[in-house]
Amino acid sequence: MYKINEIFYSLQGEGYFTGTASVFIRFSGCNLHCSFCDTRHEEGTIMSLQDIVTEVMRFPSAPLIVLTGGEPSLWIDEEFVTRLKAMTGKQIAIETNGTRPLPHSIDWVTLSPKTGIGDSGDVPVAITRCDELKVVYLGQDLSQYDSIQTTRRYLQPCWTDDETQCRHNMQATVQAVLDHPQWRLSLQTHRIIGIK
(Lines give C-alpha, C1' and ligand atoms only; values in the text may rest on other atoms or scores of the structure.)
Protein backbone atom coordinates (compact mmCIF):
# COMPACT_ATOMS: atom_id res chain seq x y z
CA MET A 1 0.00 0.00 0.00
CA TYR A 2 1.22 3.49 -0.87
CA LYS A 3 0.35 6.95 0.46
CA ILE A 4 -0.47 9.03 -2.60
CA ASN A 5 -0.93 12.79 -2.43
CA GLU A 6 -2.33 12.97 -5.96
CA ILE A 7 -2.16 11.46 -9.45
CA PHE A 8 -2.62 13.86 -12.33
CA TYR A 9 -1.94 14.32 -16.04
CA SER A 10 -0.05 17.38 -17.21
CA LEU A 11 3.10 18.55 -18.96
CA GLN A 12 6.45 18.10 -17.28
CA GLY A 13 7.37 21.67 -16.41
CA GLU A 14 11.05 21.32 -15.47
CA GLY A 15 14.37 19.94 -16.66
CA TYR A 16 15.10 17.66 -19.59
CA PHE A 17 11.52 16.52 -20.27
CA THR A 18 9.99 20.02 -20.18
CA GLY A 19 6.85 20.02 -22.30
CA THR A 20 6.39 16.22 -22.29
CA ALA A 21 2.90 14.90 -21.51
CA SER A 22 3.26 12.89 -18.30
CA VAL A 23 1.25 11.21 -15.58
CA PHE A 24 2.52 12.38 -12.19
CA ILE A 25 2.29 10.12 -9.15
CA ARG A 26 2.94 12.39 -6.19
CA PHE A 27 3.74 10.50 -2.99
CA SER A 28 3.18 11.99 0.46
CA GLY A 29 5.95 12.11 3.01
CA CYS A 30 9.59 13.12 2.90
CA ASN A 31 12.71 12.61 4.97
CA LEU A 32 13.69 16.27 4.51
CA HIS A 33 11.90 19.49 5.48
CA CYS A 34 12.48 22.14 2.81
CA SER A 35 10.69 25.43 3.40
CA PHE A 36 9.94 25.81 -0.33
CA CYS A 37 8.31 22.36 -0.75
CA ASP A 38 4.99 22.41 -2.63
CA THR A 39 3.62 19.09 -1.31
CA ARG A 40 1.23 18.86 1.63
CA HIS A 41 2.66 15.75 3.26
CA GLU A 42 -0.13 15.37 5.79
CA GLU A 43 -2.58 14.79 2.94
CA GLY A 44 -2.84 11.56 1.02
CA THR A 45 -4.84 8.48 0.17
CA ILE A 46 -3.65 4.95 0.81
CA MET A 47 -3.75 3.14 -2.54
CA SER A 48 -2.80 -0.31 -3.79
CA LEU A 49 -0.64 -0.74 -6.88
CA GLN A 50 -3.75 -1.77 -8.82
CA ASP A 51 -5.53 1.43 -7.70
CA ILE A 52 -2.53 3.45 -8.92
CA VAL A 53 -2.43 1.63 -12.27
CA THR A 54 -6.19 2.16 -12.77
CA GLU A 55 -5.76 5.89 -12.21
CA VAL A 56 -2.66 6.12 -14.45
CA MET A 57 -4.43 4.29 -17.29
CA ARG A 58 -7.08 7.00 -17.44
CA PHE A 59 -4.39 8.66 -19.58
CA PRO A 60 -3.36 5.85 -21.96
CA SER A 61 -1.52 8.03 -24.49
CA ALA A 62 0.90 9.58 -21.95
CA PRO A 63 4.37 8.13 -22.63
CA LEU A 64 5.88 8.89 -19.22
CA ILE A 65 5.09 8.36 -15.55
CA VAL A 66 6.87 10.69 -13.13
CA LEU A 67 7.25 9.49 -9.54
CA THR A 68 7.54 12.58 -7.38
CA GLY A 69 6.71 13.80 -3.92
CA GLY A 70 7.63 14.29 -1.25
CA GLU A 71 10.29 11.63 -1.59
CA PRO A 72 9.05 8.65 -3.62
CA SER A 73 11.99 6.43 -2.64
CA LEU A 74 10.43 6.13 0.83
CA TRP A 75 7.63 4.09 -0.74
CA ILE A 76 8.86 2.27 -3.83
CA ASP A 77 11.03 -0.77 -4.47
CA GLU A 78 12.13 -2.87 -7.45
CA GLU A 79 8.89 -4.85 -7.52
CA PHE A 80 6.76 -1.69 -7.56
CA VAL A 81 8.66 -0.18 -10.52
CA THR A 82 8.81 -3.46 -12.49
CA ARG A 83 5.11 -4.14 -12.06
CA LEU A 84 4.10 -0.52 -12.79
CA LYS A 85 6.06 -0.63 -16.06
CA ALA A 86 4.62 -4.00 -17.05
CA MET A 87 1.04 -3.02 -16.21
CA THR A 88 1.12 0.38 -17.95
CA GLY A 89 3.67 0.00 -20.76
CA LYS A 90 5.05 3.43 -19.87
CA GLN A 91 8.54 4.71 -19.08
CA ILE A 92 9.16 5.48 -15.41
CA ALA A 93 11.00 8.60 -14.26
CA ILE A 94 11.69 9.63 -10.69
CA GLU A 95 12.39 12.98 -9.05
CA THR A 96 14.39 12.30 -5.89
CA ASN A 97 16.43 14.14 -3.30
CA GLY A 98 18.95 11.30 -3.63
CA THR A 99 19.24 10.43 0.05
CA ARG A 100 18.15 6.81 -0.48
CA PRO A 101 19.11 4.09 -2.98
CA LEU A 102 16.78 3.63 -5.94
CA PRO A 103 15.40 0.60 -7.81
CA HIS A 104 17.56 -0.23 -10.84
CA SER A 105 14.61 -0.56 -13.24
CA ILE A 106 13.75 3.16 -13.22
CA ASP A 107 14.23 4.55 -16.74
CA TRP A 108 15.17 8.14 -15.85
CA VAL A 109 16.56 9.59 -12.61
CA THR A 110 16.27 13.29 -11.86
CA LEU A 111 18.41 14.02 -8.82
CA SER A 112 17.51 17.18 -6.95
CA PRO A 113 19.73 17.23 -3.85
CA LYS A 114 18.73 19.52 -1.01
CA THR A 115 21.91 19.23 1.07
CA GLY A 116 22.81 22.52 2.70
CA ILE A 117 19.74 24.47 1.52
CA GLY A 118 16.40 25.24 3.07
CA ASP A 119 15.66 23.55 6.39
CA SER A 120 16.81 20.12 5.27
CA GLY A 121 20.17 20.17 7.02
CA ASP A 122 23.07 18.20 5.62
CA VAL A 123 21.58 14.79 4.84
CA PRO A 124 24.14 13.13 2.55
CA VAL A 125 23.28 12.16 -1.02
CA ALA A 126 23.32 8.36 -1.45
CA ILE A 127 23.37 8.22 -5.26
CA THR A 128 26.32 9.47 -7.29
CA ARG A 129 25.03 9.23 -10.85
CA CYS A 130 21.83 10.32 -12.52
CA ASP A 131 20.31 11.14 -15.89
CA GLU A 132 19.88 14.76 -14.89
CA LEU A 133 20.94 16.86 -11.92
CA LYS A 134 18.42 19.59 -11.12
CA VAL A 135 19.40 21.95 -8.32
CA VAL A 136 17.12 24.53 -6.72
CA TYR A 137 19.50 27.48 -6.59
CA LEU A 138 19.65 29.60 -3.46
CA GLY A 139 23.21 30.89 -3.84
CA GLN A 140 24.93 27.72 -2.61
CA ASP A 141 28.43 26.66 -3.71
CA LEU A 142 27.95 24.61 -6.89
CA SER A 143 31.24 22.75 -6.48
CA GLN A 144 29.54 20.46 -3.94
CA TYR A 145 27.81 18.77 -6.90
CA ASP A 146 30.98 18.16 -8.95
CA SER A 147 31.26 14.52 -7.88
CA ILE A 148 27.79 13.62 -9.21
CA GLN A 149 28.10 11.84 -12.55
CA THR A 150 25.71 13.24 -15.15
CA THR A 151 25.80 14.93 -18.54
CA ARG A 152 22.83 17.21 -17.79
CA ARG A 153 23.08 19.86 -15.08
CA TYR A 154 20.20 22.28 -14.45
CA LEU A 155 19.90 25.21 -12.08
CA GLN A 156 16.39 26.21 -11.15
CA PRO A 157 15.37 29.43 -9.40
CA CYS A 158 13.56 28.84 -6.13
CA TRP A 159 9.90 29.73 -6.67
CA THR A 160 8.12 31.79 -4.04
CA ASP A 161 4.81 33.64 -3.88
CA ASP A 162 6.75 36.86 -3.13
CA GLU A 163 7.18 38.38 -6.62
CA THR A 164 10.16 40.53 -5.60
CA GLN A 165 11.98 37.53 -4.11
CA CYS A 166 11.05 35.43 -7.14
CA ARG A 167 12.63 37.99 -9.49
CA HIS A 168 15.73 38.15 -7.30
CA ASN A 169 16.02 34.34 -7.33
CA MET A 170 15.65 34.32 -11.12
CA GLN A 171 18.35 36.96 -11.64
CA ALA A 172 20.74 35.18 -9.26
CA THR A 173 20.20 31.86 -11.06
CA VAL A 174 20.73 33.40 -14.50
CA GLN A 175 23.98 34.94 -13.28
CA ALA A 176 25.08 31.61 -11.78
CA VAL A 177 24.55 29.88 -15.15
CA LEU A 178 26.51 32.64 -16.90
CA ASP A 179 29.31 32.18 -14.37
CA HIS A 180 29.15 28.35 -14.58
CA PRO A 181 28.18 27.49 -18.18
CA GLN A 182 28.32 23.74 -17.58
CA TRP A 183 24.88 24.30 -16.02
CA ARG A 184 21.68 25.13 -17.92
CA LEU A 185 18.70 27.14 -16.72
CA SER A 186 15.55 25.20 -15.84
CA LEU A 187 12.36 27.18 -15.29
CA GLN A 188 9.18 25.90 -13.71
CA THR A 189 7.24 26.46 -16.92
CA HIS A 190 4.07 24.90 -15.49
CA ARG A 191 3.93 27.78 -12.98
CA ILE A 192 4.66 30.36 -15.66
CA ILE A 193 1.87 29.16 -17.98
CA GLY A 194 -0.54 28.38 -15.13
CA ILE A 195 -0.97 24.62 -15.30
CA LYS A 196 -0.55 21.96 -12.62
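A cavity, for these views, is a set of grid points where a 1.4 Å probe fits but cannot get out. The model in every view is a predicted one.

**View 1. The enclosed space of the model.** By that definition, with a cut-off of 30 Å³ or more, the structure holds one cavity. The largest cavity encloses about 50 Å³ of space. Around the largest cavity sit Gln12, Glu14, Phe17, Leu64, Val66, Ala93, Glu95, Trp108, Thr110 and Glu132. Three strands each put at least two residues into this lining: S4 (64-68), S5 (91-96) and S6 (108-111). It's a mixed wall, with five nonpolar residues, two polar ones and three charged ones. Among the lining residues to pick out here are the acidic side chains of Glu14, Glu95 and Glu132.

**View 2. Helix H1 against helix H2.** Here we zoom in on H1 (residues 49-56) packing on H2 (residues 78-88), with an angle of about 40° and 10 Å between the axes. An angle like that makes the two helices oblique to each other, so neither "parallel" nor "perpendicular" is the word for H1 and H2. As for handedness, H1 and H2 cross in the right-handed sense. On the H1 side, the contact comes from Leu49, Gln50, Ile52, Val53 and Val56, while H2 answers with Phe80, Arg83, Leu84, Met87 and Thr88. Sorted by class, the residues of this contact come out as seven nonpolar, two polar and one charged.

**View 3. The second largest pocket.** This one is open, unlike a cavity, and the second largest pocket has a volume of about 210 Å³. Two stretches of the chain show up in its lining: Leu102, Pro103, His104, Ile106 and Val109 in one, then Ile127, Thr128, Arg129, Cys130 and Asp131 in the other. Six of the lining residues of this pocket are nonpolar, two are polar and two are charged. Look for Arg129 and Asp131 among the lining residues.

**View 4. A cis peptide bond in a loop.** Most peptide bonds are trans. Step from Gly69 to Gly70, though, and the bond is cis, with omega near 15°. Where does Gly70 sit? You'll find Gly70 in the loop between S4 and H2. Both of those elements turn up in the other views: S4 as one of the strands lining the largest cavity, and H2 as a partner of H1.

Note on methods: Residues are numbered from 1 along each chain as its sequence is written. This is a predicted model: local features need pLDDT of at least 70, side-chain atom pairs count only at pLDDT 80 or more; totals for chains, interfaces and linings use all residues. Side-chain values use heavy atoms; hydrogens and water are left out. Axes are lines fitted to C-alpha atoms, for helices over the stretch in contact, and angles run from 0 to 180 degrees between N-to-C directions. Helices (H or I, at least four residues) and strands (E, at least two) are DSSP runs, numbered from the N terminus. Angles under 35 degrees count as roughly parallel, over 145 as roughly antiparallel, 65 to 115 as roughly perpendicular and the rest as oblique. A crossing is left-handed if the near helix is turned anticlockwise from the far one by less than a right angle, and right-handed if clockwise. Contact means heavy atoms within 4.5 Å. Ala, Val, Leu, Ile, Met, Phe, Trp, Tyr, Cys and Pro count as nonpolar, Asp, Glu, Lys and Arg as charged, and the others, Gly among them, as polar. On a 1 Å grid over the protein atoms alone, a cavity is a set of points where a 1.4 Å probe fits but cannot get out, and a pocket is an open set with protein on both sides within 12 Å along at least five of seven lines; lining residues have an atom within 4 Å of a point. Grid points are joined across faces, edges and corners, and a volume is the space filled by probe spheres set on the points.
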